[in-house]
Structure formats: C-alpha cells, structure tokens
Amino acid sequence: MQLPDIVRIQDEFTTRWHSDQDAGAGSGLEGLVISQHRQNFALWHQEDRARAPLASADEIAQTKRAIDALNQVRNDLIEAIDRELLQQLEASGINLAGELHSETPAMMIDRLSILSLKIFHTREQIERADVQPAHIERNRQRLEVLLRQRQDLADCLAALWRDVRKGIRYFKLYRQLKMYNDPQLNPAIYGATRH
C-alpha cells in the first residue's frame, strides 16, 4: 500500500483551481487529499480578503465566519484522511506497532498543502512585472527555502509511512474536537441566546 504522490496532486490542483474553480474530485484516499487541499485553497483566499485594507467591518465579519466554516471542514478532512489510512492498514493486515509518532500522516499532508499554496503564490510574486528587482530576488530566496522545506517534509512523510508499514512506528487517529463552531460549547454562541 503506497501513498499517492501528494506533492504532485497538490501542485496540480493549486494551479488548476486558479483558472477553474470547479476542477477536481478523485475518489478514495486521493479524493480526500484533494478535498482537504481545496479547503486550504479556499482558506488562503478568504484570509487574503480578511486583510484587505478597505474591507468594511461587515465584510471582515462575514469573511471570519467563512474562515471558521472552512477550517472546520479542513480539520474534519484531516481526520478523514487518517481514518482512511488506518482502515487501509487494517485491511492490508499491517499491525500497528513500534513507537508512537505524534504527528499523523494527514497532519503532514495538511502542512504540505499549505506549502504548495505558499510556493504557488511566491512564484506569482517572482513573475510580477510591476515590482522592483529586489522584490523578485527576495521572493526567489523565499522560494528556495519553501521548496527545501517541502522536500524535507515530503521525505519525512515517506519515512513515516515506510516505518508504519514495517511496524517500526505507528500513529493514532487524533480528534480535533473543535469548540468554536459548536453552539453548545462556545459561550459566545450559547450565551447570546440567554440574553
């Protein structure tokens, strides 16, 4: 059992979504990876809107609510990826043993997703014609760092997966248990209904 080519998938869809928001899908584990990356893609662009200097207070509030909803789904998909991986391991008869690894594969996939977005947008900065050469050079240097960091993380994910399959390390499904969107757990929500 192999992981799909996470970096290639994330880069491909980052590029495609910038010209075709409806591109995508996939099934099984790959479909979950694409869906989770789509949430980070949407979050990235909502975060940009939240920082627009001329945004009204109402626009910022609406954007913050959109960010919360997107982030909830993002976290749910991280759990879904780990759940799928654990089910595939169990179906393959791989015994989870060895040393517990605190970061799960899906947490690493999420970090790779964010790096894919940073790399895409840093390349955009390098290609701008309306900036000074120093801006382009600064972003070339940033791109080198981002590419190196992503390669390191991708290698760590591959090593973790290899070790899990060999029974050297294992991971657990960690529930995010977010409270901010739950009307029963967030006092700003349930408190508001009492007044």
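**Exercise 1. Decide whether A91 is buried or exposed in this predicted model.**

Solution. Start by placing the residue: A91 lies in helix α3. Next, look up its relative accessibility, which is 72%. The cut-off for exposed is over 50%. So A91 counts as exposed, because its relative accessibility is 72%. For a feel of where it sits, take L70, 21 residues away along the chain: the C-alpha atoms of A91 and L70 are separated by 31 Å.

**Exercise 2. Do the same for L117, then list what it touches.**

Solution. Step one is the location: you'll find L117 in helix α4. Step two is the number: L117 has 1% relative accessibility. Buried means under 20%. L117 therefore counts as buried, at 1% relative accessibility. Step three is the contacts. Skip the neighbours within four places in sequence, and L117 is in contact with T14, H37, N40, F41 and W44. Keep F41 in mind, as that residue comes back in the next exercise. Finally, try a distance: L117 and L29 are 88 residues apart in sequence, and their C-alpha atoms are 20 Å apart in space.

**Exercise 3. Work out how F13, W17 and F41 form one aromatic cluster.**

Solution. First, know what to look for: a pair of aromatic rings is described by the distance of the centres and the angle of the planes. The count comes to 2 aromatic pairs.

- Take F13 and W17. Their ring centres are 5.4 Å apart, with 40° between the planes, and that makes the pair tilted. Why are they about one helical turn apart? Because F13 and W17 are 4 residues apart in helix α1. Both of them are buried.
- Now take W17 and F41. Here, too, the centres are 5.4 Å apart, but with 65° between the planes this pair is edge-to-face. The pair links distant parts of the chain, with W17 in helix α1 and F41 in helix α2, 24 residues apart. W17 and F41 are both buried.

Put the pairs together: W17 takes part in the pair with F13 and in the pair with F41. That gives one aromatic cluster of F13, W17 and F41.

**Exercise 4. Find the residues that touch the most other members of the largest nonpolar core, and say which elements contribute to this core.**

Solution. A bit of background helps: in soluble globular proteins, nonpolar side chains tend to be buried together. In this model, the largest nonpolar core has 36 residues. Those touching the most other members are V33, I81, L85, L157, W161 and F171. As for the elements, the ones giving two or more residues to this core are α1 (6-17), α2 (28-50), α3 (57-91), α4 (105-126) and α5 (133-166).

**Exercise 5. Sketch the whole protein in a few numbers, beginning with the order of its elements.**

Solution. Go from the N terminus and write down α-α-α-β-α-α-β-α. Check your tally: you should have 6 helices and 2 strands. Then draw a box of roughly 55 × 55 × 30 Å along the principal axes, which the C-alpha atoms fill. Of the 195 residues, 38% are buried. For the surface, note about 11,500 Å² exposed, with carbon and sulfur atoms supplying 51% of it. Now the contacts: among those between residues at least 6 apart in sequence, 73% join residues at least 24 apart. Last come the charges, 26 positive and 28 negative, whose mean positions are 3 Å apart.

Methods:
Residues are numbered from 1 along each chain as its sequence is written. This is a predicted model: local features need pLDDT of at least 70, side-chain atom pairs count only at pLDDT 80 or more; totals for chains, interfaces and linings use all residues. Side-chain values use heavy atoms; hydrogens and water are left out. Buried means under 20% relative accessible area, exposed over 50%, partly exposed in between (1.4 Å probe, protein chains only). Contact means heavy atoms within 4.5 Å. Accessible areas come from the Shrake-Rupley method with a 1.4 Å probe; for residues, only the protein chains shown count as cover. Lys and Arg count as positive and Asp and Glu as negative; His and the chain ends are not counted. The place of a charge is taken as NZ of Lys, CZ of Arg, CG of Asp or CD of Glu. A nonpolar core is a set of buried Ala, Val, Leu, Ile, Met, Phe, Trp, Tyr and Cys residues joined through side-chain atoms within 4.5 Å. Rings of Phe, Tyr and Trp (its six-membered ring) pair if their centres lie within 6.5 Å; planes under 30 degrees apart count as stacked, over 60 as edge-to-face and the rest as tilted.
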